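Good morning, everyone, and thank you for making time. Please have the sequence and the model open while I talk, and stop me wherever something is unclear.

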Amino acid sequence: ARPRASRARRPASSTRRPRAMRVSASPELEPRDVAPWTAPGYRGARVSALDERAQTACVLAVWAAILLGTYECCEVVGPATRALAPELAAWSARSWPLIGLTYIAAGAAHFAVHDGFTSMMPHKGAWGFWNLPGSASFHVNWTGVAEILGGFGVVLGSLPFGLTPDFCESWLTPASAAGVFLLTIVVTPANTYMWTHNSPGPLPPNADESMQVLPWQGHLARAALQIFLLTMLHGLIVR
C-alpha cells in the first residue's frame, strides 16, 4: 500500500509546477514582447540589422535632423515667410483649427486602433539603449488623452470670426500648443521605431501584405510632417 500512495502523490506535484510557471509569467508578458519586428532585420529593416552602436548613431542622427529642421523652420523660414509673404502667413494662421482637429483625431485613433499604436512603441533594449518604464499600452493611452486635450485647447483658441473667448486666446491656446509641441517631440521615438524595425503601426483591418511595411518615402514624409506640425505649433505659442 505504501508504494501506491507514493506513486499517487507524484502526478499531483508534477501538475502543480506548470500552473505556477504560467501564473508567475503571465502578468509580465505582453504579446508585443515577442513581436516578430523585434528581431534584427525584420522584413528587410536595415537599421535593426546593424550592431547596437550603429543603431544608436542612426537614431540620434535622425532625431538631431528633426530638431535642426524644426529650429530652422521656426527661427528662419517662419519669420521670412511673415516678412516676404504676409498673405501666406495669414493663411497659415487660419489653418490653426485644423491643426487642433488633427491632434484630436490622432488621439482618438490611439484608442480606436490601440494595438497598432502599441506596435510602434520601442521594445526594451531597442537600439541598445531604450528602457522606458511602463507598458506600451499605458504610454499609448496617456499620449492619446494628451493629444485629445491639447487639440481641443488649440481649437478653442483659434476659432474664426472672433469666436475665441478672451481667456482662451490669452493663455489656454499658447499653453495647449506648447503641450502638444512637447508631446510631438516625445512621440518621436515611436515614429523612429517604425523606420528602424519595420513595426506595422496602425493599419486598416483589411491590410494586405504590401501595407505591412512603410516605404522609405513614407518615413521621409512623416518626418517632414512632424517638422511642419512643430513649426505651426510654434507659431501658435509665440503669436
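What share of the 239 residues in the protein do buried residues make up? The figure is 36% of those 239 residues, and I should say at once that we are looking at a predicted model, so every value I quote is computed from it.

Let me begin with the overall architecture. The secondary structure comes to nine helices and zero strands, and if you follow the elements from the N terminus on, they read α-α-α-α-α-α-α-α-α.

I would like to turn now to how particular helices pack. Two packed helices are described by the angle between their axes and the distance between the axes. The pair I take up now is helix 4, covering residues 96-112, and helix 6, covering residues 136-156, whose axes lie 7 Å apart and make an angle of about 160°. Since angles over 145 degrees count as roughly antiparallel, helix 4 is roughly antiparallel to helix 6, and the crossing in which helix 4 passes helix 6 is left-handed.

Staying with helix 4, please find Gly100, which has its place in that helix. Is Gly100 buried or exposed? With a relative accessible area of 1%, Gly100 is buried, because the cut-off for that class is under 20%. Gly100 also has a partner that is remote in numbering, for although Gly151 is 51 residues away from Gly100 in sequence, the C-alpha atoms of the two glycines are 4.0 Å apart in space.

The other pair of helices I want to show you is helix 2, residues 52-84, with helix 9, residues 216-238, and here the axes are 9 Å apart and the packing angle is about 40°. Helix 2 and helix 9 are therefore oblique to each other, and their crossing is right-handed.

A further long-range pairing involves Ser92 and Gly235, which are separated by 143 residues in sequence and by 9.2 Å in space, again taken from C-alpha to C-alpha. Ser92 belongs to helix 3, residues 86-94, and at 18% relative accessibility Ser92 counts as buried.

Next come the loops, where I have picked out two backbone angles. Arg43, found in the loop between helix 1 (2-25) and helix 2, has a phi near 50°, which is a positive value in a residue other than glycine. Asn198 sits in the loop between helix 8 (188-197) and helix 9, and the phi of Asn198 is likewise positive, near 55°, again in a residue other than glycine. How do these two residues stand in terms of exposure? Arg43, at 38% relative accessibility, counts as partly exposed, whereas Asn198, with a relative accessible area of 7%, is buried.

Finally, let us look at the surface. Which residues form a nonpolar patch there? They are Leu67, Leu182 and Ile185, and together they present about 270 Å² of accessible area. Of these, I will comment on Ile185, which lies in helix 7, residues 166-186, and which is partly exposed, with a relative accessible area of 30%.

To draw this together, I would ask you to keep in mind the roughly antiparallel packing of helix 4 against helix 6, the oblique packing of helix 2 and helix 9, and the nonpolar surface patch of Leu67, Leu182 and Ile185. I am happy to take questions.

Notes
Residues are numbered from 1 along each chain as its sequence is written. This is a predicted model: local features need pLDDT of at least 70, side-chain atom pairs count only at pLDDT 80 or more; totals for chains, interfaces and linings use all residues. Side-chain values use heavy atoms; hydrogens and water are left out. Patches are made of residues with over 30% relative accessible area and no salt bridge: like charges are joined within 9 Å, nonpolar side chains (Val, Leu, Ile, Met, Phe, Trp, Tyr) within 5 Å. Accessible areas come from the Shrake-Rupley method with a 1.4 Å probe; for residues, only the protein chains shown count as cover. A salt bridge is a side-chain nitrogen of Lys or Arg within 4 Å of a carboxyl oxygen of Asp or Glu. Helices (H or I, at least four residues) and strands (E, at least two) are DSSP runs, numbered from the N terminus. Buried means under 20% relative accessible area, exposed over 50%, partly exposed in between (1.4 Å probe, protein chains only). Axes are lines fitted to C-alpha atoms, for helices over the stretch in contact, and angles run from 0 to 180 degrees between N-to-C directions. Angles under 35 degrees count as roughly parallel, over 145 as roughly antiparallel, 65 to 115 as roughly perpendicular and the rest as oblique. A crossing is left-handed if the near helix is turned anticlockwise from the far one by less than a right angle, and right-handed if clockwise.
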